[in-house]
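Please find below a colleague's note on the model under review. The points proceed from the overall fold to individual residues.

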Amino acid sequence: MQSFLLTTFFTSQVKFAGTTGVKIEKVTHQQTILSLKNKKSVQNHIGGIHAIAAAVLAESATGIVFGMNVPDDRVPLLKSMTVEYERRMQGSLKAEANLTADQISMIEQQEKGDITVPVIITDDSGKMPILCEMQWAWVSKKR
């Protein structure tokens, strides 16, 4: 039930993630785990999950864990993303993003800055078909 409610809230705020069917499995201040089923609406021409749908999963996983730690008087912004497609994706995907205690401390204490948040994407084979990291920044809200 908690996963359903978190997913519903997240996709109501981040509409594009909702179109892909991203599902939140676990959320803490240091970690998020999300999943994406290989269904027709997100498939590419060879029946795997489309490259961009996989990138949305990675961005969502890193964005949630990062955004949870950004103070309310600051705005989180995606600065860059690196996605390397290593091999064909098999079946559904799972994304796990983690922040270290040092990264969380930096986000809380600095008025603005940026960090790189790696994300581990695995498919149904248990292997990592893509390598991803997202660079997130934060700035003060305009008054």
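The numbered points below describe the fold, the core and two residues of strand E5.

1. This is a predicted model, in which local features need pLDDT of at least 70 and side-chain atom pairs count only at pLDDT 80 or more, whereas totals for chains, interfaces and linings use all residues. Residues are numbered from 1 along each chain as its sequence is written, and side-chain values use heavy atoms, with hydrogens and water left out.

2. The protein has 4 helices and 6 strands, these being DSSP runs (helices H or I, at least four residues; strands E, at least two) numbered from the N terminus. Their order along the sequence is α-α-β-β-α-β-β-α-β-β.

3. Of the 143 residues, 38% are buried, that is, under 20% relative accessible area with a 1.4 Å probe, protein chains only. Among contacts (heavy atoms within 4.5 Å) between residues at least 6 apart in sequence, 68% join residues at least 24 apart.

4. The largest nonpolar core (buried Ala, Val, Leu, Ile, Met, Phe, Trp, Tyr and Cys residues joined through side-chain atoms within 4.5 Å) holds 32 residues, of which Ile-49, Leu-57, Val-119 and Ile-121 touch the most other members. Elements giving two or more residues to this core include strand E2 (31-36), helix H4 (101-109) and strand E5 (113-123); H3 supplies the largest share, 9 residues.

5. Beyond its neighbours within four places in sequence, Val-119 contacts Ala-58, Ala-61, Thr-62, Ala-95, Glu-96, Ala-97 and Cys-132.

6. Asp-123, in strand E5, counts as buried because its relative accessibility is 6%. Leaving aside neighbours within four places in sequence, the contacts of Asp-123 include Arg-87, Arg-88 and Pro-129.

Conventions:
Buried means under 20% relative accessible area, exposed over 50%, partly exposed in between (1.4 Å probe, protein chains only).
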